[in-house]
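Reader: Hi! Could we go through this structure together, one question at a time?
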Amino acid sequence: MIKLGLKSRSRRVVQDTSVAVEKSKLCMGKHSRDVDEDSGYCCWESLPSELLREVLLKVEESESKWPARKHVVACAGVCKSWREVMKEVVKTPEVSGKITFPISVKQPGPRESLLQCFIKRNRSTQTYYLFVSLSQALADDGKFLLAARKCRRTTCTDYIISLHGVDMSKGSDTYIGKLRSNFLGTKFIVYDALPPHSGAKMEKSRSTCVVGSKQIPAKVPAGNYPVAHISYELNVLGARGPRRMHCVMDAIPASAIKPGVASVKNFQLVASPENGVAGPEHDKVILQFGKVGKDVFTMDYRYPISAFQAFAICLSSFDTKIACE
Amino acid sequence: MIPLPLIDGRTLARVITYLNKHTEDDASDEAKRKFDEEFLYGMEVGVLYDAALAANYLDIGGLFHEVCQRIADGMMNKSVEWVRKTFHIESEFTSEEEVQIKKEYAWAWEGVDSNAD
């Protein structure tokens, strides 16, 4: 007798045979196989869902950091069933601490720790590039996330923010928002190209995200939806002195973010305690920005702000009269 | 006698080989790991498919996880087109869905192997 070593599991084979046969027939669906078992042909489209899920879960677990994380994105592009499973398996940055799909840049950062990024500035093209760090080494190696190009106008300045580092026009489908400053560079508004709740909708309906064309962001007209307001107070002591910065996010209570102090080289934004009572979120840094090189800056952020919002807030500090030079 | 209508003879033989090794009283964890590596090495996609289905059907957790990991490893650094071609999957996305996926594709294309095996 073959010692299967299955112990209690072996009973399932005998008792559930008829049910298992039926279920597997359904799973096999349009499966068709060559008579020759070595041909290697099989219909993976009809893979039982628990098997597909296990494989894709292993892909997701194995590739937690960029650039390898791209495999997770690739698996979500194979077909509808793979996409649905992958979107179920991949958790938001808030939960997993990882950036996966492009939508990650619009989702709140991790709750448990700061997500480390860095910004590189190209002065000649007035362009800024945001990367998520791949290692602990400051600004050494990164995966590109967003780019912003400065466009000075008569009475204001716009920073056009895009998923693409080259094609950054507002008409392009990689345009995701902008930062607009007043003439003096003291007041800023962050605009999202999509209505703020569209991100929440995609979040809630992730499992059905692919199915209906109504849920595809391309259908929503790109516009300008304000999502944050930033202001800098003038420093009476001197143009290069530290200044108070106020940040109000439309989706977050006004009292949730304490006013920060922006110096020439860095600033921090900190969560305020709710109702003035100190709690676990008291004085937790939610955004910190610092100069580490001539045109290189670190940007670390966490819940409740997203990479897009954090990037826009950091861009505002470049535009002030006491910008990080 | 226990009928196993969904598993062909060749796959069952492979499963039994695996189980015989993993139920040996004097086999160390290291020996089992080495066996698994050699056992699964070079298995073709179709064979892996059958082994995964058999392990799932027979509820053999260890084999199921090993085979799924092997399938996952085999997809590393391969493009979407390679996966579709190798696993005989037809994409049924609408043109609107393809637009969204193309945006994500940019994040998946960086440094991928060529489609040739």
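Reader: How many aromatic pairs does a search of the whole structure find over all chains?

Author: Happy to start there! Bear in mind that this is a predicted model. Taking the whole structure and all chains together, the number of aromatic pairs is 15.

Reader: What kind of aromatic pair do Trp66(A) and Trp107(B) form?

Author: A pair of rings is described by the distance of the centres and the angle of the planes. For Trp66(A) and Trp107(B), the centres are 5.6 Å apart and the planes make an angle of 80°. Planes over 60 degrees apart fall in one class, so the pair of Trp66(A) and Trp107(B) is edge-to-face.

Reader: Why does the pair of Trp66(A) and Trp107(B) join two chains?

Author: Look at where each ring sits. Trp107(B) belongs to helix α6 (residues 95–108) of chain B, while Trp66(A) is in the loop between α3 (49–62) and α4 (70–75) of chain A. The pair therefore joins chain A and chain B.

Reader: Which three residues supply 90% of the area that domain 1 of chain B buries against domain 2 of chain B?

Author: Let's set the scene: chain B has domain 1 (9–75) and domain 2 (80–116). Between them about 290 Å² is buried, with 88% from carbon and sulfur atoms. On the side of domain 1 of chain B, the three that supply 90% are Val45(B), Gly74(B) and Met75(B).

Reader: How many salt bridges does the rule find across the interface of domain 1 of chain B and domain 2 of chain B?

Author: The side of domain 1 of chain B that touches domain 2 of chain B has three nonpolar residues, one polar and no charged. Across this interface of chain B, the number of salt bridges found is zero.

How values were computed
Residues numbered from 1 in each chain as written. Chains lettered and ligands numbered in written order. Predicted model: local features only at pLDDT ≥ 70, side-chain atom pairs only at ≥ 80, totals over all residues. Heavy atoms only, no water. Domains from an automatic or database assignment. Buried area = accessible area lost by both parts, 1.4 Å probe. Salt bridge = Lys/Arg side-chain N within 4 Å of Asp/Glu carboxyl O. Nonpolar A, V, L, I, M, F, W, Y, C, P; charged D, E, K, R; others polar. Phe/Tyr/Trp six-rings, centres within 6.5 Å; stacked < 30°, edge-to-face > 60°. Helix = DSSP H or I, 4+ residues; strand = E, 2+ residues; numbered from the N terminus.
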